[in-house]
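Me: I have just opened this structure and would like to understand the terms used for it. Could you take me through them?

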Amino acid sequence: MQAGKPILYSYFRSSCSWRVRIALALKGINYETVPINLIKDGGQQFSEEFQTLNPMKQVPALKIDGITIGQSLAIIEYLEETRPTPRLLPQDPKKRASVRMISDLIAGGIQPLQNLSVLKQVGTENQLSWAQNVICSGFDALEQILHGTAGKFCVGDEVSMADLCLVPQVANADRFKVDLNPYPTIRRINKTLLALEAFQVSHPCRQPDTPAELRA
Amino acid sequence: MMWSPQFSEEFQTLNPMKQVPALKIDGITIGQSLAIIEYLEETRPTPRLLPQDPKKRASVRMISDLIAGGIQPLQNLSVLKQVGTENQLSWAQNVICSGFDALEQILHGTAGKFCVGDEVSMADLCLVPQVANADRFKVDLNPYPTIRRINKTLLALEAFQVSHPCRQPDTPAELRA
């Protein structure tokens with residue numbers, strides 16, 4: 001273990017962890033992964049050790065520069081401010097607002113409503129329709145918003161934090177068998193992004209903790 | 001409420017997320033409260049709502065996201081509707097307590113007079129309204145002394161008073177201060 005290398009606490013399938021993995025890849029930051037299995041042993045995020053590290057008992061958490069940060073967007077904004085190139089937020093404040101609005105829509109308005117702990121409370125027989133409902137409501141709004149903001153990517157023609165949120169959320173949509181036909185802009189952007197290296201190396205199918213049967 | 005204006009076609013065109021708040025400013029319309037606040041911070045930088053130091057900024061954003069992404073959306077109106085009337089109170093309490101359990105721990109490391117150090121930040125703007133939600137759902141706040149202390153300090157500030165739900169143009173008469 002190299003001294004000084006950032007440590008990412010991550011679960012291969014966690015969409016929130018994937019966002020940060022993409023950011024680290026885009027910025028060329030070498031890091032170590034400590035896998036936290038959200039299902040095994042009742043959920044390793046509930047261990048006393050991890051809870052001391054991150055009281056939110058969630059992944060991702062990033063240990064970097066002597067601090068530990070939770071919440072994927074807070075991590076990404078910290079990386080942006082301390083390792084500013086390549087940019088993950090445009091220069092113009094109005095475009096930055098669009099990037100944050102889209103990121104918050106996904107990271108605050110969709111994903112938390114369909115994450116593991118909420119689905120547990122909803123009950124097994126309701127889980128699929130609950131998740132689909134939540135994702136479709138969010139994607140209905142997102143598709144409209146993208147009509148106004150999108151170029152090649154979510155906001156204009158540069159990859160931004162919004163794109164880092166989009167791809168993992170589309171993967172969640174696929175996992176919950178959401179029909180993506182009503183969302184042509186989301187599909188187009190997702191396809192373009194998945195072809196980029198940073199989105200591939202960070203993919204759930206290529207992580208240290210990816211189960212053998214799901215490995216690329 | 002028979003007529004829900006957030007679902008009107010007019011509002012939906014303005015804000016496809018069909019949610020408040022939305023701010024029309026400088027020729028654009030922004031949705032999502034934290035995106036709005038960060039825009040205001042970048043275009044009207046004083047007084048600061050985010051500290052200068054990147055590590056403290058990370059703490060402010062982490063706390064803000066915990067509340068705005070991890071607590072509030074799980075107990076907002078549309079989710080509670082789906083949960084069903086008989087489950088709503090316990091669902092909301094559960095969500096808020098889980099979040100406050102984590103927040104109280106985090107604040108032990110970050111808080112001074114306010115959530116992060118001794119200056120009011122975006123994190124404080126998230127805290128006070130969430131505590132008000134907790135009160136509305138009859139959450140026992142005794143396990144959260146740091147949250148209570150900071151909330152009390154903030155509520156004494158003018159900005160938190162003039163913006164209070166009890167003093168708005170649309171505050172119903174019976175709830176008006």
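**Reading the sheet and the interface**

Reply: Gladly! A good place to begin is a pair of residues: in this predicted model, A:Ile64 stands opposite A:Ile67 in β4(A).

Me: How do you know that β3 and β4 of chain A are paired strands?

Reply: Two strands count as paired if there are at least two bridges between them. Strand β3 (residues 61-64) of chain A is joined to β4(A) by four bridges, so the pair qualifies, and the two run antiparallel. Elsewhere along these strands, A:Ala61 has A:Gly70 in β4(A) as its bridge partner. The hairpin of β3(A) and β4(A) has two residues between the strands, and A:Asp65 takes a positive phi near 55° there.

Me: What makes β1(A) and β3(A) a pair?

Reply: The cut-off is again at least two bridges. β1(A) and β3(A) have three bridges, in the antiparallel sense, so they pair as well. Here A:Tyr9 stands opposite A:Ala61 in β3(A).

Me: Why are β2 and β4 of chain A said to stand at the edges?

Reply: Start with the strand order, β2-β1-β3-β4 (chain A), in an open sheet of four strands with mixed pairing. β2 (32-35) and β4 (67-70) of chain A each have a single partner strand, so one side of each has no neighbour in the sheet. As for the twist, neighbouring strands of this sheet are turned by 20° against each other on average, direction ignored.

Me: Which helices of chain A pack on the sheet, and which strands do they touch?

Reply: Helix α1 (residues 15-26) of chain A touches β1 (7-10) and β3 of chain A, and its direction makes about 150° with that of β1(A). Helix α3 (residues 72-82) of chain A touches β3 and β4 of chain A, with its direction at about 130° to that of β4(A).

Me: What does the record list for residues 92-212 of chain A?

Reply: An unreviewed UniProt entry gives "domain: GST C-terminal" for residues 92-212 of chain A. In the model, that stretch is 64% helix and 0% strand, and its end C-alpha atoms are 44 Å apart.

Me: How do you know that B:Arg57 and A:Glu81 form a salt bridge?

Reply: The rule asks for a side-chain nitrogen of Lys or Arg within 4 Å of a carboxyl oxygen of Asp or Glu. For B:Arg57 and A:Glu81 the closest N and O atoms are 2.8 Å apart, so the pair meets the rule. Across the interface of chain B and chain A, the rule finds six salt bridges. Between these chains there are also eight residue pairs in polar contact, both at pLDDT 80 or more.

Me: Which element gives the largest share of the side of chain B that touches chain A?

Reply: That is α3(B), with nine residues. In total, 32 residues of chain B are in contact with 32 residues of chain A. The area buried between the two chains is about 2,900 Å², and carbon and sulfur atoms give 68% of that.

Me: What makes β1 and β2 of chain B a pair?

Reply: Two bridges would be enough. Strand β1 (residues 22-25) of chain B is joined to β2(B) by four, so they pair, running antiparallel. B:Leu23 stands opposite B:Ile30 in β2(B), and in the hairpin of these strands B:Asp26 takes a positive phi near 55°.

Note on methods. Residues are numbered from 1 along each chain as its sequence is written. Chains are lettered from A and ligands numbered from 1 in the order in which they are written. This is a predicted model: local features need pLDDT of at least 70, side-chain atom pairs count only at pLDDT 80 or more; totals for chains, interfaces and linings use all residues. Side-chain values use heavy atoms; hydrogens and water are left out. Axes are lines fitted to C-alpha atoms, for helices over the stretch in contact, and angles run from 0 to 180 degrees between N-to-C directions. Contact means heavy atoms within 4.5 Å. UniProt positions are given in the numbering used here, feature names are shortened, and annotations may be inferred rather than shown by experiment. Buried area is the accessible area (1.4 Å probe) that two parts lose on being put together, summed over both. A polar contact is a pair of N or O atoms within 3.5 Å; within protein, one must be able to donate a hydrogen and the other to accept it, and residues adjacent in sequence count only if both atoms are side-chain atoms.
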